[in-house]
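Grab a coffee and open the viewer. Here are a few short exercises to work through with the coordinates at hand.

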Amino acid sequence: MDLKKFIPYGKFEAPGKCYNCAGSGLVPCGRCGGCGRSNGDTCPDCGGRGTTLCGRCDGSGIIDD
Ligand SMILES: [Zn+2]
Ligand SMILES: [Zn+2]
């Protein structure tokens with residue numbers, strides 16, 4: 001088996017990957033902490049999803065600096 005075939009770039013981290021969200025584009029909601037509920041109701045910040053778009057990369061998961 002040739003392992004090089006499975007490591008196309010030879011790097012663990014892709015270049016430009018957002019460090020704030022680890023490239024997912026989403027971060028845990030700061031208001032509800034990821035549970036999607038706030039004061040017994042749907043969290044207004046994330047709409048109940050428990051995650052919000054990363055403010056560092058605007059949800060793209062990539063930073064071009
Ligand atoms: Zn929330
Ligand atoms: Zn990000």
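Below are four tasks on this predicted model, each with a worked solution.

**Exercise 1.** Work out which secondary-structure elements the chain has, and in what order.

*Solution.* Start with the count: the chain has four strands and zero helices. Then read along the sequence, and the pattern comes out as β-β-β-β.

**Exercise 2.** Find the backbone phi of A22 and of N39, and place both residues relative to the strands.

*Solution.* First, A22: phi is near 60 degrees, which is positive even though the residue isn't glycine. A22 sits in the segment before β1 (26–28). Next, N39: phi is near 55 degrees, again a positive value in a non-glycine residue. N39 belongs to the loop between β2 (37–38) and β3 (41–42).

**Exercise 3.** Classify A22, N39 and D64 by burial.

*Solution.* Count C-beta neighbours inside 10 Å; exposed means 12 or fewer, and buried means 20 or more. A22 has 13, so A22 is partly exposed. N39 has 9, so N39 counts as exposed. D64 has 7, so D64 is exposed too. For the chain as a whole, 14% of the 65 residues count as buried.

**Exercise 4.** Locate D64, then look at how far apart the C-alpha atoms of D64 and C18 are.

*Solution.* D64 lies in the segment after β4 (51–53). Along the chain, D64 and C18 are 46 residues apart, yet their C-alpha atoms are separated by 8.9 Å. Now zoom out to the contacts with a separation of 6 or more: 46% of them come from residues 24 or more positions apart.

Methods
Residues numbered from 1 in each chain as written. Chains lettered and ligands numbered in written order. Predicted model: local features only at pLDDT ≥ 70, side-chain atom pairs only at ≥ 80, totals over all residues. Helix = DSSP H or I, 4+ residues; strand = E, 2+ residues; numbered from the N terminus. Contact = placed C-beta atoms within 7 Å.
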